[in-house]
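Got your viewer open? Load the model, keep the selection box handy, and follow along.

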Amino acid sequence: MGKTPLLREEGRCKRNVFGGSKVSSSKGSSGGSSSSVSPKKDHCREADALMFMQIFIHLLKSNIGTGFLGLPLAVKNAGLLVGPVSLLAIGALTVHCMDILLNCACHLTQRLQRSFVNYEETTMYSLETCPSPWLRTHSVWGRYIVSFLLIVTQLGFCSVYFMFMADNLQQIVEEAHFTYNVCQPRQNLVKSSILDTRFYMLTILPFLILLVLVQNPQVLSIFSTLATITTLSSLALIFEYLIQAPHHSNLPLVASWKTFLLFFGTAIFTFEGVGMVLPLKSQMKSPQQFPAVLYLGMSFVIFLYICLGTLGYMKFGEDTQASITLNLPNCWLYQSVKLMYSVGIFFTYALQFHVPAEIIVPYVVSRVSENWALFVDLTVRTALVCLTCFSAVLIPRLDLVISLVGSVSSSALALIIPPLLEIATFYSENISCATIIKDIMISILGLLGCVFGTYQALYEMTQETHFSMVNSTRLHT
């Protein structure tokens, strides 16, 4: 990947610094030796700073995706006052749970004398040390459950990417004749779609199949760079438009509790980087610095979330759509923003797809002979891409799918499991009652959001399906 050269350089820094120290202390040399060591130490400090910035950027990138652009609608579902406050509260809880996960993993690596444990392994080893004999016996199921949730979450992200790209591509293509050079607020163009959104999803499908067949880490690193450039450029133009007047007034401060449940799913979905915390920490030469990167990066992310959600809702009011890009003016500048962000999401698809593929593909390939390994590898990858596409085709509602995925799997990974891991990991080491109560309350809150958010998203989907069937029947009649 793109980080490999830097990691090699850091390895040389470690050897050079320690080597230089040993030489100077053994020989007792002064000026010449110290001057030869000092530039190396300076070089290592530069490498540390560069790694700090790299991890910071990766942390931002892993938390800014399609869910980020759905935050204005989420604030609309919660209310102009309740939305930002709830985003801040959910963000604080999520970051706290990330910190819990880091502490549990760090404790287990020291106890087991291992260099790194991922989320799945942290869950399994934590259950192996808990006081319940039944949980210790079935600890491997903790690993299976977390792996399953990671697969569901990542494939859910990929399905959302299909819908996002299709919605924006449809708007770009079908409004080409209504696109102007001068940017003015979007007009509600009263016209039916020329082609259904599903057609655009199927059009994108073969290109994404070809994309995920690329497994070269260096090529994936290039994709990551392209996604970062296009995404950040698009966001800069989006924020530039949002801060312009006018804004809607007299918007409701508190929305209905039913739509608030959809807000919860969208908000949790937006924090997409929970599964990336442990891998990012493992890449740092000085892991003890990672909490500072985490709190700094996530504070900035939460600030962006609140700004985009609030400004977007104030800008578009009741017309706020599932993705803020769909509200942008129909001029060539902002059509290019949609295109750039869609290109960024296109390349991000390969990166998100890599996580479930690395769990599923090796397991399936290990069950066949070596002669069939390549064929089965490519077939499974193709089938997984088709699965994400057909899931999007079945439910082409971007906002509802975001809320459903966030409520079902993201809430479990971000809010429910980490507090329970803290209890299981540290219970035998005299964990305080206050910490146990705090962890149980966070898990219960996450479970309530999961249950009621899932119910509301599924209910809205059934209503949408029923409405579509009724309209179709009337049309044929």
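How many residues does helix α8 have, and how far does it reach from its first C-alpha to its last? Select residues 139-174 to find out: α8 has 36 residues and spans 53 Å end to end, close to the 52 Å expected at 1.5 Å a residue. Now bring back everything around α8. Of its 36 residues, 27 are buried, so the helix is largely enclosed by the rest of the structure.

**Colour by confidence**

This is a predicted model, so colour by pLDDT before going on. The protein chain averages 82, and 85% of the residues score at least 70. Next, select residues 1-37, where the pLDDT is below 50. Even so, this stretch has 31 contacts in the model beyond near neighbours in sequence. Then jump to residues 470-477: the pLDDT is below 50 here too, but beyond near neighbours in sequence this stretch has zero contacts in the model.

**The largest pocket**

Time to look for empty space. Where is the centre of the largest pocket? The pocket holds about 1200 Å³ of space. Select Ser62, Met276, Leu351, Gln352 and Val355, which are the closest to its centre among the 49 residues that line it.

Now show the helices around it. Each of these supplies at least two lining residues: α2 (31-63), α6 (119-128), α8, α10 (217-242), α12 (277-282), α14 and α16 (398-426). So the helix you began with turns up again, as α8 is one of the contributors to this lining. Which helix gives the largest share? That's α14, with nine residues. Colour the lining by class and you get 28 nonpolar, 16 polar and five charged residues.

**The largest cavity**

Keep α14 (332-365) on screen and turn to the enclosed spaces. The count comes to two cavities of 30 Å³ or more, and the largest has about 60 Å³ of space. To see its lining, select Leu211, Val212, Val214, Gln215, Leu220, Ala350, Phe353, His354 and Arg381.

Which helices each supply at least two residues of that lining? They are α9 (197-212) and α14, with α14 giving the most, three residues. By class, the cavity lining has six nonpolar, two polar and one charged residues.

For a last view, show α14 by itself with both linings switched on: α14 gives the largest share to the largest pocket and the most to the largest cavity.

Conventions: Residues numbered from 1 in each chain as written. Predicted model: local features only at pLDDT ≥ 70, side-chain atom pairs only at ≥ 80, totals over all residues. Heavy atoms only, no water. Helix = DSSP H or I, 4+ residues; strand = E, 2+ residues; numbered from the N terminus. Expected span 1.5 Å × (residues − 1). Buried < 20%, exposed > 50% of the residue type's maximum accessible area, 1.4 Å probe, protein only. pLDDT = per-residue confidence, 0-100. Contact = heavy atoms within 4.5 Å. 1 Å grid on protein atoms, 1.4 Å probe; cavity = no way out; pocket = protein on both sides within 12 Å on 5 of 7 lines; lining within 4 Å. Points joined across faces, edges and corners; volume = space filled by probe spheres on them. Nonpolar A, V, L, I, M, F, W, Y, C, P; charged D, E, K, R; others polar.
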